[in-house]
Amino acid sequence: MWADLFQIQIPVLEKVLRTIGVYVGMAILLRLAGKRDLAELNTFDLVVMLLLSNMVQNSIIGNDNSLLGGLLGAAVLLAVNAVLVRLAVRYKWIARLFEGRPTDLVRNGRIVGNLRRLGLRHGDVAVALRRQGAGTIKEVKRATLEPGGSIVVDLEEDAQDATVTDLNRSQAALIQELRKEIAGLRDRVDTGFQELSAH
């Protein structure tokens, strides 16, 4: 029993190479599958992901069902991922290689991307735009599908929500206008009193 738990049944190097190979292979396949699949999983995508994990499991573990072998595979997987993530942050070309580039979907209130090629429906884009404050597509200055699969929206200036700075500016302008009005009223009242006292 203890031997089954702790004795790795295939060579350690083979276990490491299998894990790295599956990681790189899956990264390439997901890259080829498109950006949308990474961000918004529908029912079909979820089924595919579950089946993929089951299919590649044997490629990683090989003829090894030991606890130690499973933990070694998991450790290698986490280590490879950590190294690649740090390399992608440091070297932009690695990030572009694995993730791709942002793709414009909307520019100046018009859809410019080929939604069908990206695996997106018009409704998917409309929902993402509404979530980020756009009432209509005409209010969108630019919307991009980012490499991670999220949709980032920049609204036209007049469609953006007011910020605290905007409110402070408006309040300062209103106070200044009120001061002018009050000063004008004072002048009228003073002039009226002077005319009354002159008679």
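The following exchange examines how several labels applied to this predicted model are justified.

User: Why is Thr 19 called buried?

Analyst: Buried means under 20% relative accessible area. Thr 19 has a relative accessibility of 1%, so the residue counts as buried. Thr 19 is found in helix α2, residues 12–33.

User: What does Thr 19 touch, not counting residues up to four places away in sequence?

Analyst: With that exclusion, Thr 19 touches Ile 60, Gly 73, Val 76 and Leu 77. The side chain of Thr 19 also reaches the backbone oxygen of Lys 15, at 2.9 Å. A polar contact requires a pair of N or O atoms within 3.5 Å, and the 2.9 Å between the Thr 19 side chain and the Lys 15 oxygen satisfies that distance limit.

User: What makes the pair Glu 14 and Arg 18 a salt bridge?

Analyst: The rule asks for a side-chain nitrogen of Lys or Arg within 4 Å of a carboxyl oxygen of Asp or Glu. In this pair the closest N and O atoms are 2.9 Å apart, so the criterion is met. Side chains of opposite charge can pair when their charged atoms come close. Both Glu 14 and Arg 18 lie in helix α2, 4 residues apart, which is about one turn of the helix.

User: Are Glu 14 and Arg 18 buried, partly exposed or exposed, and how do you know?

Analyst: Partly exposed covers the range between the buried limit of 20% and the exposed limit of 50%. Glu 14 has 30% relative accessibility and therefore counts as partly exposed. Arg 18, with a relative accessible area of 30%, is likewise partly exposed.

User: How many salt bridges does the rule give, and which residues are linked in a network?

Analyst: The count comes to 3 salt bridges. Asp 104, Arg 107 and Arg 142 are linked in a network. Asp 104 forms a salt bridge with Arg 107, the closest N and O atoms being 2.9 Å apart. The side chains of Asp 104 and Arg 142 also meet in a salt bridge, at 2.9 Å from N to O. Asp 104 lies in strand β1 (residues 103–107) and Arg 142 in strand β3 (residues 140–145), so this pair ties together parts that are 38 residues apart in sequence.

User: Which members of this network are buried and which are partly exposed?

Analyst: Asp 104 has a relative accessible area of 18%, so this residue is buried, the limit being under 20%. Arg 107, at 41%, is partly exposed. Arg 142, at 38% relative accessibility, also counts as partly exposed.

User: How do you know that β3 pairs with both β1 and β4?

Analyst: Two strands pair if at least two bridges are found between them. There are 4 bridges joining β1 to β3, and these strands run antiparallel. A further 5 bridges join β3 to strand β4 (residues 151–155), again antiparallel. Both counts therefore satisfy the rule. Across the first pair, Asp 104 stands opposite Thr 144. Across the second, Val 140 stands opposite Leu 155, and Arg 142 stands opposite Asp 154.

User: Why are β2 and β4 described as standing at the edges?

Analyst: The open sheet has 4 strands in the order β2-β1-β3-β4, with antiparallel pairing. β2 (110–111) and β4 each have a single partner strand, so one side of each is left without a neighbour in the sheet.

User: Why does Ala 128 count as buried, and what does this residue touch?

Analyst: Ala 128 has 6% relative accessibility, so the residue counts as buried. Not counting residues up to four places away in sequence, Ala 128 touches Ile 151 and Val 153. The place of Ala 128 is in helix α8, whose buried residues also include Asp 124, Val 125, Ala 126 and Leu 129. The buried residues of α8 pack against β1, α7 (115–118), β3 and β4. Gly 133, with a positive phi near 100 degrees, follows α8.

User: Which residues lie nearest the centre of the largest pocket, and which helices contribute to its lining?

Analyst: The largest pocket holds about 540 Å³ of space. Its lining comprises 24 residues, of which Tyr 23, Ala 27, Leu 30, Asn 81 and Phe 98 lie nearest the centre. Helices α2, α4 (43–61), α5 (67–90) and α6 (92–99) each supply at least two residues of that lining.

Note on methods
Residues are numbered from 1 along each chain as its sequence is written. This is a predicted model: local features need pLDDT of at least 70, side-chain atom pairs count only at pLDDT 80 or more; totals for chains, interfaces and linings use all residues. Side-chain values use heavy atoms; hydrogens and water are left out. Buried means under 20% relative accessible area, exposed over 50%, partly exposed in between (1.4 Å probe, protein chains only). A polar contact is a pair of N or O atoms within 3.5 Å; within protein, one must be able to donate a hydrogen and the other to accept it, and residues adjacent in sequence count only if both atoms are side-chain atoms. Contact means heavy atoms within 4.5 Å. On a 1 Å grid over the protein atoms alone, a cavity is a set of points where a 1.4 Å probe fits but cannot get out, and a pocket is an open set with protein on both sides within 12 Å along at least five of seven lines; lining residues have an atom within 4 Å of a point. Grid points are joined across faces, edges and corners, and a volume is the space filled by probe spheres set on the points.
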